[in-house]
Amino acid sequence: MNITVTPNGTQPPRVIQVAEGAVTSVNGERGDVEITATDLGAIAIGDPAGGDLGGTYPNPTVTAINGVAVTGTPTSGQIPTATSGTAASWQTPAAGPSAAGTVTAQTSFGAASNAGAATTYSRGDHTHGTPTLPAASTSTAGVVQLDGTAADIAPLGTQAAGSTGKAADAGHVHPTTGVLPTAGGTMTGGINSSLATSSSVGLGVFVSGDTFDRGRMLASGQIEIGSGSAAREVVLSRTAANQLSLTTSDFRIATAGRGLMVAEGSNARMGTATLNGTTNVTINTTAVTATSRIFLTTQAASATYGAPVVATRTAGTSFAIKSTIAGDTSTVAWHIVEPA
């Protein structure tokens, strides 16, 4: 039996003759025959490498890239760089353009750039060279000349009638929010007024044509009210701790159906009690004083009833009531009022 081996490459085919399980000849050679890598057309250990590879197999080295030899030993960051059409070496790549570098087609600040012209822009350290600011001694159309003194720059809104040489910055703006319009309007948020003394006026209200302000609030919190034709005569103020006073005027409930409402409960100034017919009934309240005026009225009379009276009092603690007739179990209302 003949076995034909066709090697890769340009070597001719090999014919191996086999009889009874043994190789009897290779390419016609008989006897004890050893089949080598060369007989099979294979690459053997120690064979030289070719093309872009150098050294021998099985560990060739890369000596060229597409036939271009690369020389030298690289260091960190280097890349193969062609030095001619047939040679290359390991080199550090060139640095990119610097942001501080000069732009050859640099334009003046503010000048319009041509569409698509990538080099027409101003550098970050540009200066404004032209036009130069006119000197105070020159005269240029459209230029307001100032002599440079602070007195020539008047605050916005304080320029005197007929004055010249004073102007607001051309770039100023008139805010429309956070200001109170002279014709009135709506403001949001709190208003704090810092005044010199407690008698300083924090707010005054007039009606057109009034000689006096009709309403006024002082720094002390005092509220004064008048007619507008004379000084304010109604005064509402704090005269002591926890005390609101109406001075120089009377308190009037001017609408029928309206009146005073007084809370009842612990240590109150008003409440009710039921007489027991025999002994004093004690009302515990810290509101009673030595000069308190205590008013008693029968709310629901019992079968036997008399006049309720204040029997005793202990300032700051309690007072006791009873009836002028024994057996009186009426319900009595009481009300404590202090003299002014």
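Buried residues account for 18% of the 340 residues in the protein chain, going by the predicted model described here. The fold is mostly a matter of strands: the chain has one helix and 21 strands. Its accessible surface adds up to about 24500 Å², and carbon and sulfur atoms hold 56% of that. As for how far the contacts reach along the sequence, take those between residues at least 6 apart: 30% of them join residues at least 24 apart.

A good place to start looking is the hairpin made by β14 and β15, which has two residues between its strands. The two strands run antiparallel and are joined by five bridges. Ser 237 sits in β14, the strand covering residues 234-240, and its bridge partner in β15 is Ser 245. Is Ser 237 buried or exposed? With a relative accessible area of 10%, Ser 237 falls under the 20% cut-off and so counts as buried. Leaving out residues up to four places away in sequence, Ser 237 touches Gln 222, Gln 243, Leu 244 and Ser 245; the bridge partner, Ser 245, thus turns up in this contact list as well.

The turn of this hairpin holds Asn 242, in the loop between β14 and β15. Its phi is near 60 degrees, which is a positive value in a residue other than glycine. Asn 242 is exposed, with a relative accessible area of 85%. Another asparagine with a positive phi is Asn 267, where the angle is near 55 degrees. Asn 267 lies in the loop between β15 and β16, and at a relative accessible area of 39% it is partly exposed.

The hairpin strand β15 also has a share in a nonpolar patch on the surface. The patch is formed by Leu 203, Val 205, Met 217, Ile 223, Ile 225, Leu 236, Leu 244, Leu 246, Phe 251, Ile 253, Leu 260 and Val 262, and together these residues have about 1100 Å² of accessible area. Which elements give two or more residues to the patch? They are β11, β13 (223-225) and β15 (243-247). One of the patch residues, Ile 223, has its place in strand β13. Ile 223 is partly exposed, with a relative accessibility of 32%. Patch membership calls for over 30% relative accessible area, so Ile 223 clears that cut-off.

Arg 214 brings in some of the residues just named. It lies in the loop between β11 (201-205) and β12 (215-218) and is partly exposed, with a relative accessible area of 36%. Setting aside neighbours within four places in sequence, Arg 214 is in contact with Val 205, Val 207, Glu 224, Ile 225, Gly 226, Ser 227, Gly 228 and Arg 232. Val 205 and Ile 225, both on that list, also belong to the nonpolar patch. As for Ser 227, it is 13 residues from Arg 214 in sequence, while the two C-alpha atoms are 5.6 Å apart in space.

Further along, strand β16 (residues 270-274) shows a neat alternation of side chains. Gly 271 and Ala 273 point to one face and are buried, whereas Met 270, Thr 272 and Thr 274 point to the other face and are not. β16 pairs in the antiparallel sense with strand β21 (residues 331-337), over five bridges. Within this pair, Ala 273 stands opposite Val 332 in β21.

There is also an open sheet of three strands, in the order β17-β20-β19, with antiparallel pairing. β17 (281-284) and β19 (308-314) stand at the edges with a single partner strand each, so one side of each has no neighbour in the sheet. From one strand to the next, the twist averages 25 degrees. β19 and strand β20 (residues 318-323) run antiparallel and are joined by six bridges, and Thr 314 stands opposite Ser 318 in β20.

One last backbone detail concerns a proline. The peptide bond from Tyr 57 to Pro 58 is cis, with omega near 15 degrees. Pro 58 lies in the loop between β5 (53-54) and β6 (61-62).

Definitions and conventions
Residues numbered from 1 in each chain as written. Predicted model: local features only at pLDDT ≥ 70, side-chain atom pairs only at ≥ 80, totals over all residues. Heavy atoms only, no water. Pairing = 2+ DSSP bridges. Helix = DSSP H or I, 4+ residues; strand = E, 2+ residues; numbered from the N terminus. Axes fitted to C-alpha atoms, helices over the stretch in contact; angles between N-to-C directions. Buried < 20%, exposed > 50% of the residue type's maximum accessible area, 1.4 Å probe, protein only. Contact = heavy atoms within 4.5 Å. Patch = residues over 30% accessible without salt bridge, like charges linked within 9 Å, V, L, I, M, F, W, Y side chains within 5 Å. Areas by Shrake-Rupley, 256 points an atom, 1.4 Å probe, with all protein chains shown as cover. Salt bridge = Lys/Arg side-chain N within 4 Å of Asp/Glu carboxyl O.
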